[in-house]
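Dear colleague,

I am passing on a structure that you have not worked with before, and my notes on what was found in it follow below.

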Amino acid sequence: MNKPVDRITLRRPDDWHVHLRDGPMLQVVAGYTARQFARAIVMPNLTPPVTTAVAAAAYAARIRAALPPDSDFQPLMTCYLTDTLEADEVERGWQQGAWVAAKLYPAHATTNSAHGVTNLDAIAPVLERMQRIGMVLAVHGEVTDPAVDVFDREAVFIERSLIPLTERYPELKIVFEHITTAEAADFVLSRPHHLGATVTAHHLAINRNAMFQGGIRPHHYCLPVAKRERHRLALVKAATSGDARFFLGTDSAPHLARDKESACGCAGLFTAASAIELYAEIFDAAGAIDKFEAFASLNGPAFYGLPVNAGTVTLERSPSAVPARIDALDNYVVPFRAGESLSWRMA
Ligand code: DOR
Ligand code: ZN
């Protein structure tokens with residue numbers, strides 16, 4: 001048997017899907033992401049959503065202002081697609097560097113998605129333009145049809161929306177965000193070009209039982225919701241395979257504890273405080289730590305057509321503590337695996 005690896009050095013990683021929020025919450029969380037990642041794709045689901053190049057540039061400036069003074073973290077902004085967004089505005093923002101991708105939220109699929117897209121036909125001119133200019137479409141892949149079981153919404157989205165989308169726009173670069181099912185992993189693998197997927201640390205770590213362990217566990221509730229163990233295993237297999245179509249996207253989505261521990265609790269897990277360590281544990285447990293750099297640092301830039309980061313980070317097998325809670329506003333955020341010890345740390 002091979003001797004276990006106790007230390008690895010990788011190119012500086014990026015987070016290809018994160019929620020940094022705005023205002024006081026942004027001040028609390030920005031430093032956590034910037035400590036671990038060189039860049040991150042920042043989700044635009046603010047209230048109001050980020051739908052103009054001017055709004056994206058202003059949000060990027062607020063993110064930079066919230067970083068520690070020595071940070072060189074680069075936010076990669078996204079625009080929030082609505083039924084009425086003009087193709088010219090999407091292209092203008094892209095040409096100016098205000099954003100690198102557009103985010104498709106099916107209307108009402110998740111947090112702050114009320115302005116999302118009701119019908120793919122409504123955004124046909126935008127999608128055609130994005131295909132032409134090579135701009136990435138990041139997709140929240142769940143149907144919102146209330147008749148569809150919440151655990152089936154991703155698989156049904158593939159049939160109802162993603163297959164038609166890939167057929168209508170065969171050259172469009174699409175990221176199937178935060179995949180949670182074997183069907184999604186298989187679908188990505190069935191497409192040789194232009195389709196990638198992000199995988200979160202929490203969907204690699206837990207299955208749906210975690211939401212009901214001895215009682216209702218609101219801190220394990222997110223969207224798409226965690227699925228059965230067989231799906232988690234399929235995600236681990238895909239993420240740790242080294243296949244270039246899968247890359248790191250935490251979907252770290254902070255909410256105040258009081259908003260999660262509620263009769264109608266918010267969806268989202270906060271993983272940014274320990275993201276790289278959480279993923280390292282998964283890759284290590286799968287015997288695939290040698291594939292971690294591809295997933296965390298190489299596959300994402302290649303898909304987005306961006307350079308790999310300069311510099312490296314070193315991870316070592318050594319305990320690191322997850323904070324029990326993180327003070328925020330007049331309340332706090334409970335991170336994923338709060339108060340626990342992880343077996344890896346960033347050196
Ligand atoms: O769990 C989630 N939280 N899923 C999403 O798609 C949105 C996110 C949020 O913004 O809180
Ligand atoms: Zn998200």
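Please keep in mind that this is a predicted model. On its surface, D149, D152, E159, E183 and D186 gather in a patch of negative charge. One of these residues, E183, sits in helix α6, which covers residues 182-190, and E183 counts as partly exposed because its relative accessible area is 33%, a value between the limits of 20% and 50%.

Turning to the metal site, the zinc ion (ligand 2) has as its protein donors H17 through NE2, H19 through NE2 and D251 through OD, at 2.0 to 2.1 Å. Along the chain these donors follow the spacing H-x1-H-x231-D. Distant parts of the chain are linked in this way, since H17 belongs to strand β2 (residues 14-18) while D251, 234 residues apart from H17, lies in the loop between β9 (246-248) and α9 (257-260). Both H17 and D251 are buried.

The backbone also deserves some attention. The peptide bond from T47 to P48 is cis, with omega near -5°, and P48 is placed in the loop between β3 (39-42) and α2 (53-65). Another cis peptide bond joins L223 and P224, with omega about -5°, and here P224 lies in the loop between α7 (201-205) and α8 (229-239).

Finally, R21, although not a glycine, has a positive phi of about 60°; R21 is found in the loop between β2 and α1 (23-36), and it counts as buried because its relative accessibility is 13%, under the limit of 20%. H194, also a residue other than glycine, has a positive phi near 65° and is found in the loop between α6 and β8 (195-199).

With best wishes

Note on methods
Residues numbered from 1 in each chain as written. Chains lettered and ligands numbered in written order. Predicted model: local features only at pLDDT ≥ 70, side-chain atom pairs only at ≥ 80, totals over all residues. Heavy atoms only, no water. Patch = residues over 30% accessible without salt bridge, like charges linked within 9 Å, V, L, I, M, F, W, Y side chains within 5 Å. Areas by Shrake-Rupley, 256 points an atom, 1.4 Å probe, with all protein chains shown as cover. Salt bridge = Lys/Arg side-chain N within 4 Å of Asp/Glu carboxyl O. Lys, Arg positive; Asp, Glu negative; His and termini not counted. Charge placed at Lys NZ, Arg CZ, Asp CG, Glu CD. Helix = DSSP H or I, 4+ residues; strand = E, 2+ residues; numbered from the N terminus. Buried < 20%, exposed > 50% of the residue type's maximum accessible area, 1.4 Å probe, protein only. Donors = N, O, S within 2.8 Å, 3.2 Å for Na, K, Ca; no water.
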